[in-house]
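Q: Hey, I'm new to this one. Can you walk me through it?

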Amino acid sequence: LENFIFILLLVIVVIFKLFDLVLETLNKKARNREVPAIVSDIYDHENYEKMKRYYQDKAKLNFPFKWLSFILLVLFLGFNIIGYVAAFTQDVTNHIILETLVFFGIIMVIPFVLRVWQSYRLTFIVESKYGFNTSTKKQFVQDTVKRFFLNLLLGGGFIALIAFLYSATGTAFVVISFIVISFIMIMINLFYVKLFVPLFNTLTPLENKTLKAKIEALVQKEHYTIKHLYVMDASKRSKKVNAFFSGFFKTKTIVLFDTLIDALEDDEILAILAHEMAHDRHKDILKSMFTSFVQLFVLLGLFYLFLRVDYFFLAYQLDTFHLGLMMFIFMIVLNPLTLLLSIGFNYLSRKAEYKADCYAAKAVSKDAIIHALKVLSRKNYANLTPHEAYVFVHYSHPPVSHRIDFIKDECDGN
Ligand SMILES: [Zn+2]
C-alpha cells in the first residue's frame with residue numbers, strides 16, 4: 001500500500017500537469033478565432049495584434065517557470081526529498097509546532113525564490129514592453145520584502161495554528177479549528193481594506209466634486225448608503241484598470257482605481273460603482289464567505305480522517321507521524337477535490353457578475369455599463385476569445401462578449 005500511495009501522488013501531479021497543458025493549448029488556439037461582432041470595436045487591428053503578442057510573450061516567459069516548479073515537485077516526491085526533509089526536522093526538534101514550521105520553511109525556499117524571479121521578469125520585461133508597468137525596481141524590492149513578511153506572518157501563523165490545534169484539541173480538532181479559522185477569515189474579510197491594502201497602496205477620499213455629486217445622486221436614487229468610498233493609487237504600479245467591493249457590516253468599502261477614474265466618463269464610472277454596489281445588495285460577499293465555511297468544514301473533516309492513516313507517512317519512509325509532511329501530501333491528494341470546488345466557486349461568481357451588470361444597467365444605463373466594460377477590456381488587454389473549457393475552470397468573471405450579450409438580451413433597463 002505504501003508503494004501504491006507513493007506512485008499515486010506522482011500520478012496525481014502528472015495528471016494535473018497534463019490537464020493544465022490541455023487547457024492552455026485549447027485557450028491558445030482559441031485566440032485565433034474570429035472576434036464576436038458584439039465586441040469587435042474594442043480593439044483596432046493594430047492593438048488586437050499587439051494584445052495577442054502580449055499573451056504570447058507572457059506565456060513564453062512563464063513557460064520555464066511552470067515546468068521548473070512541476071519538475072521540482074516531481075523530484076521532491078519521486079526522490080523522496082520531502083521524506084528526507086521531514087526526517088531532518090524530526091532530528092532537529094520534537095516540538096510539533098517548530099517541526100512543522102521548519103519543514104515548510106525549508107521546502108518553500110525554492111518555490112518562493114522562483115516566484116519572485118518570475119514576477120520580476122514579468123513586470124520589467126513583459127508588462128513594461130506593453131506599457132502597463134509604471135513601478136520602479138526600488139518599489140518592486142519594497143513590495144517583495146513586504147509580501148515576504150506578510151506571507152511569513154499569515155502563512156507561518158496559519159501553519160503554527162494548525163499544529164497547535166492538532167496537538168491541543170484531540171478529538172475536538174475539527175470543531176475547534178473550524179471555529180477559530182472561521183473567526184480569523186471573518187476578521188480578514190472585515191478589515192482587508194483597513195489592514196492590508198494600506199501596506200501597498202494609499203487610499204484617499206474621492207476629490208472630484210462633480211463626480212462626487214453624481215455619485216451621491218445615484219446612491220440616493222437607489223436608496224443605498226455607501227459606508228466608505230476610496231480612490232486607490234493603483235497607477236504607481238500599473239496602468240491596468242479596476243474596482244472592487246470589500247467587507248461587510250460597518251466595513252463595507254468600494255475602492256476605485258485612480259486609473260479607472262482617468263479612463264472612464266462619469267456615467268461609466270457610475271455604472272461600475274453601481275456594479276460594485278450590486279455585489280453588496282445581492283450579498284455576494286456573505287454568500288461566498290458562507291460557501292468558504294462549508295468548504296473549510298469539509299476539508300478539516302477530511303484532514304482529520306487523513307491524519308489517522310499511517311500509510312501516508314510510511315510511504316515516505318518515516319517511522320513516526322510528521323504533521324508538516326502530512327499537510328503537504330494532503331494538499332496534493334486533495335487536488336481533484338480542490339479543483340472541483342474552485343470550478344463551483346467560479347461558476348457562482350460568474351453568475352453573480354451577470355446579476356451585478358444587470359443592476360448597473362438598470363441603475364445607470366445599458367450603454368454606460370457596456371461602454372465601461374469595453375474600455376476596461378481595452379485598457380487591460382482582455383482576451384476576447386477565451387476557450388469555453390478554460391473559462392469554465394478558471395474564470396471568475398464571464399468573458400466580456402458574454403457579459404455584453406447578457407446585458408443587451410437579459411437585463412431590464414435601457
Ligand atoms: Zn463584479
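Here is a short chat about the chain as a whole and one pair of helices.

A: Sure. It's a predicted model, so to speak: local features need pLDDT of at least 70, side-chain atom pairs count only at pLDDT 80 or more, and totals for chains, interfaces and linings use all residues. Residues are numbered from 1 along each chain as its sequence is written, and side-chain values use heavy atoms, with hydrogens and water left out.

Q: How many helices and strands does the chain have?

A: There are 16 helices and 4 strands. Both are DSSP runs numbered from the N terminus, helices being H or I with at least four residues and strands E with at least two.

Q: What does the C-alpha trace span?

A: About 70 × 45 × 45 Å along the principal axes.

Q: And how much is buried?

A: Of the 414 residues, 46% count as buried, meaning under 20% relative accessible area with a 1.4 Å probe, protein chains only.

Q: Switching topic: how do helix 2 and helix 4 cross?

A: The axes of helix 2 (residues 45-78) and helix 4 (residues 96-129) come within 10 Å and cross at roughly 175°. Axes are lines fitted to C-alpha atoms over the stretch in contact, with angles from 0 to 180 degrees between N-to-C directions. The two helices are therefore roughly antiparallel, the word for angles over 145 degrees.

Q: Which residues make the contact?

A: Among them are Tyr54, Leu61 and Phe65 of helix 2, and Ile107, Leu114 and Trp117 of helix 4. Contact means heavy atoms within 4.5 Å.

Q: What about long-range contacts in the chain?

A: Residues 24 or more positions apart account for 78% of the contacts with a separation of 6 or more.

Technical notes
Angles under 35 degrees count as roughly parallel, over 145 as roughly antiparallel, 65 to 115 as roughly perpendicular and the rest as oblique. Buried means under 20% relative accessible area, exposed over 50%, partly exposed in between (1.4 Å probe, protein chains only).
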